[in-house]
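Let's take a friendly walk through this structure. Have a look at the sequence and the 3D view first, and then we'll go through a few spots together.

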Amino acid sequence: MLAITNKKHTNGLDYLDIETDLCKARIFLQGAQIDYFQPKGKPPLLWVSSADDYQPGNGIRGGIPICWPWFGMHPNPDFPQHGIARTRIWTLASIEMRAQQLELRFELALDEQDKRFWPHDSRVSVLFSLGDSLSVSLNNHNTGNRPISLTQALHSYFPIGDIHQLRASGFSGAKYIEFGAGPYPQEDDTVTFERETDRVYTDLGEVQWLHTPNGTIEVAREHSHSAVLWNPWIAKSQRLSRFNPDDYLGMVCLEAANVLDDGLTLAPGESHSLITHIRWWESH
Ligand SMILES: O=P(O)(O)OC[C@H]1O[C@H](O)[C@H](O)[C@@H](O)[C@@H]1O
């Protein structure tokens, strides 16, 4: 089966409700933000805060916000954190079925207002590939005649059941910066959570795993040597917008990125795709 229905949220945001033989998904045009993905017969793979009211103009607190064309704070303090893509309306450009994977491509057309933030000749698009796993590819192409530099992330929120029981693995050999300090070498392969965690990893291997009480989520990346691992813990949860004070107990963000020395510089005519693959891991 294949059902793709255009719907409107009560607060006005347009989204696509999607069902295939292999999964159910929901993608908002604002931010090209997927906030729901569930392989059939398995639990959902993305987390969203019940405090989010899906207001136009805000990124949704969950799913996969797209941080582009910068991650984190911009040197200009008047520019929004994590770039402009997550609050802009994207256009659905194509729908294709390949084998049993449903591919949806969205494009972002920047207006004059946006050019204040991003005065470059470039094209950005995102391709979702939906099957029993989820792949997201954020594609940049330099259409101008000067180099372009940017940072970006697929800011994925995962449902992890209980932060006190979560073990995140696949980190050995990397290094990280946290709260402006570091880089520190990551000696253990596994990370556990006992406090606010906000690490920007570089030199990171291609695959990490989130071992939760409900199963293991595998998060792989292509064309990316960096990722962000984030849990706001108690105090920051109380300050965060669209977030319940105890939400930190049930989520973690592991964000495929191109940041720090893994930031991009695209020569004229050059393209790049930041890709993440997300699935429930099954041992064979
Ligand atoms: O509140 P937001 O702008 O969505 O940012 C949410 C979080 O994003 C990233 O994970 C950063 O590393 C965090 O420092 C930040 O708090």
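A quick word on database notes: UniProt positions are given in the numbering used here, feature names are shortened, and annotations may be inferred rather than shown by experiment. Residues are numbered from 1 along each chain as its sequence is written. What you see is a predicted model, where local features need pLDDT of at least 70, side-chain atom pairs count only at pLDDT 80 or more, and totals for chains, interfaces and linings use all residues.

**The annotated spot**

The unreviewed UniProt entry puts a "binding site" at R61, Q81 and R86. These residues span 26 residues in sequence, yet no two of their C-alpha atoms are more than 13.8 Å apart, so they gather at one spot.

Let's put two of them side by side. A residue is buried if 20 or more other C-beta atoms (placed from the backbone) lie within 10 Å of its own, exposed if 12 or fewer, and partly exposed in between. Strands are DSSP runs of E with at least two residues, numbered from the N terminus.

| Residue | Loop | C-beta neighbours within 10 Å |
|---|---|---|
| R61 | between β4 (33-39) and β5 (66-67) | 23, buried |
| Q81 | between β5 and β6 (91-98) | 13, partly exposed |

What do they touch? Contact means that C-beta atoms, placed from the backbone, lie within 7 Å. Leaving out residues up to four places away in sequence, R61 touches V48, S49, A51, D52, R242 and F243, while Q81 touches G72 and M73.

**Around the ligand**

Q81 also turns up among the residues around the ligand, along with G59, H82, D198, V228, W230, L240 and C253. Being near here means having a C-beta atom, placed from the backbone, within 6 Å.

**The sheets**

Two strands pair if DSSP finds at least two bridges between them. One open sheet has 4 strands in the order β1-β2-β3-β4, with antiparallel pairing. β1 (2-8) and β4 each have a single partner strand, so one side of each is left without a neighbour in the sheet. Inside this sheet, β3 (residues 23-28) pairs with β4 over 6 bridges, and K24 sits opposite Q38 in β4.

Another open sheet, also antiparallel, has 9 strands ordered β6-β7-β8-β9-β23-β19-β18-β13-β16. Its edge strands, β6 and β16 (190-191), each pair on one side only. Here β7 (residues 101-107) and β8 (residues 122-130) run antiparallel, joined by 6 bridges, with L104 opposite F128 in β8.

Technical notes:
Two residues are in contact if their C-beta atoms, placed from the backbone, lie within 7 Å.
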